[in-house]
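Hi there,

I'm handing over the structure we talked about, so you can open it and look around. My notes on what turned up follow just below it.

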Amino acid sequence: MAEYADESRTFLQAFANLLGAPEPALRLLISILIGYPLVLIHRYTLYCKSPKLQHLYFIVSGVSIALFNYGHNVVHSVVCVMVAWLLLLFVGGTLKSVIISFVFQMTYLLVGYYMTGTDTYDIKWSMPHCVLTLRLIALTYDVYDGTKDPDKLSNDQQKTALPHTPSLVEIAAHTYFPASFMVGPQFSMRRYLDFVKGTLVGCELPPCLLPGLLRGGLGLVYLTVYQVGISWIPDAFINSEEYNALTLWQRHMMVGLWAKITLYKYISCWLIAEGVCIMSGLSYSGKDANGNCLWNGCANVKIGLYEGATTFGHMIASFNTNTNAWVAQ
């Protein structure tokens, strides 16, 4: 088994070198892309079947992806999931549980950043742990909201409030959902449970394969542009003597291009992951005035607004929108 793992690592490293990308980045891309066949298997074999079987399928899939990327460091996510479940089990949906959850999960994440941080951008277990942290904190908020008078909740809170405490299996499946464990997007436990029960869309999924593939294909286009772009303006260039030797206006132009290209790294991952969520049916958000299905329930970037942005407000409204919405709520 150890020899097989070493051979796999050697092959991935060689393939990553051929692509001009770090091995962890290649593993991340494979982990996001594997979501497409995983949700297709779920769609045609498990959708609208036993919720417990669906939960177990998502747990096994997500944990396998975590092991593929981070090995034994998957224990960090397991610890935080267990703490979140035990906290809700013994403290319940209360303000105290919200505060404890926020302090524990954020502290665990920050300590993880401190322990794994270097001078460069690294893909380590602390990267998906950011997604996990927000998801588990939001869970305690939603259970707390479920104990309140519905008339006193905002529209957003009414959509996400949970009238009961989820089981450990439900929390783990929501956390390790293979389409979103690594890079997001964020979605509420309420949306996930409705999806598993078949009440989000119905037991006959509308045609979502093509929209999912198109969104994922757009992500691959952005990934290609990013890969070509960083070969032209690598990160190290911004701190180089060559950059400092440029005139002021040239430095402004180059740092702007470099920043634009760098952000495509995130946008490409979000688009590919969103395509998986669309294909699964999880992104369903109703129909428009013409009766066409809307699939923006898990969108994390508004491409049109982002590419045409002229103000900082446009950037905030178009980039990492799920996280922005979470903070606002």
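The largest cavity encloses about 80 Å³ of space. Please keep in mind that this is a predicted model. In total, the structure holds two cavities of 30 Å³ or more.

Let's start with the walls of the largest cavity. Its lining is made up of Ala-66, Tyr-70, Asn-73, Val-74, His-76, Ser-77, Trp-125, Pro-128, His-129, Leu-132 and Phe-181. Three helices, α4 (51-70), α5 (75-90) and α7 (126-145), each supply at least two residues of that lining. The biggest share comes from α7, with three residues. Sorted by class, the lining of the largest cavity has seven nonpolar and four polar residues, and no charged ones.

The second largest cavity has a volume of about 50 Å³. Around the second largest cavity you will find Ser-31, Ile-32, Pro-178, Ala-179, Ser-180, Met-182, Val-183, Gly-184 and Ala-273. Six of these lining residues are nonpolar, three are polar and none is charged.

Helix α5 is worth a second look for its packing too. How do the axes of α5 and α9 (residues 168-175) cross? They come within 10 Å and cross at roughly 140°, so the two helices are oblique to each other. The crossing of α5 past α9 is right-handed. On the α5 side, the contact is made by Val-81, Met-82, Trp-85 and Leu-88, and on the α9 side by Leu-168, Ile-171, Ala-172 and Thr-175. Seven residues in this contact of α5 with α9 are nonpolar, one is polar and none is charged.

Enjoy exploring, and best wishes!

Conventions:
Residues are numbered from 1 along each chain as its sequence is written. This is a predicted model: local features need pLDDT of at least 70, side-chain atom pairs count only at pLDDT 80 or more; totals for chains, interfaces and linings use all residues. Side-chain values use heavy atoms; hydrogens and water are left out. On a 1 Å grid over the protein atoms alone, a cavity is a set of points where a 1.4 Å probe fits but cannot get out, and a pocket is an open set with protein on both sides within 12 Å along at least five of seven lines; lining residues have an atom within 4 Å of a point. Grid points are joined across faces, edges and corners, and a volume is the space filled by probe spheres set on the points. Helices (H or I, at least four residues) and strands (E, at least two) are DSSP runs, numbered from the N terminus. Ala, Val, Leu, Ile, Met, Phe, Trp, Tyr, Cys and Pro count as nonpolar, Asp, Glu, Lys and Arg as charged, and the others, Gly among them, as polar. Axes are lines fitted to C-alpha atoms, for helices over the stretch in contact, and angles run from 0 to 180 degrees between N-to-C directions. Angles under 35 degrees count as roughly parallel, over 145 as roughly antiparallel, 65 to 115 as roughly perpendicular and the rest as oblique. A crossing is left-handed if the near helix is turned anticlockwise from the far one by less than a right angle, and right-handed if clockwise. Contact means heavy atoms within 4.5 Å.
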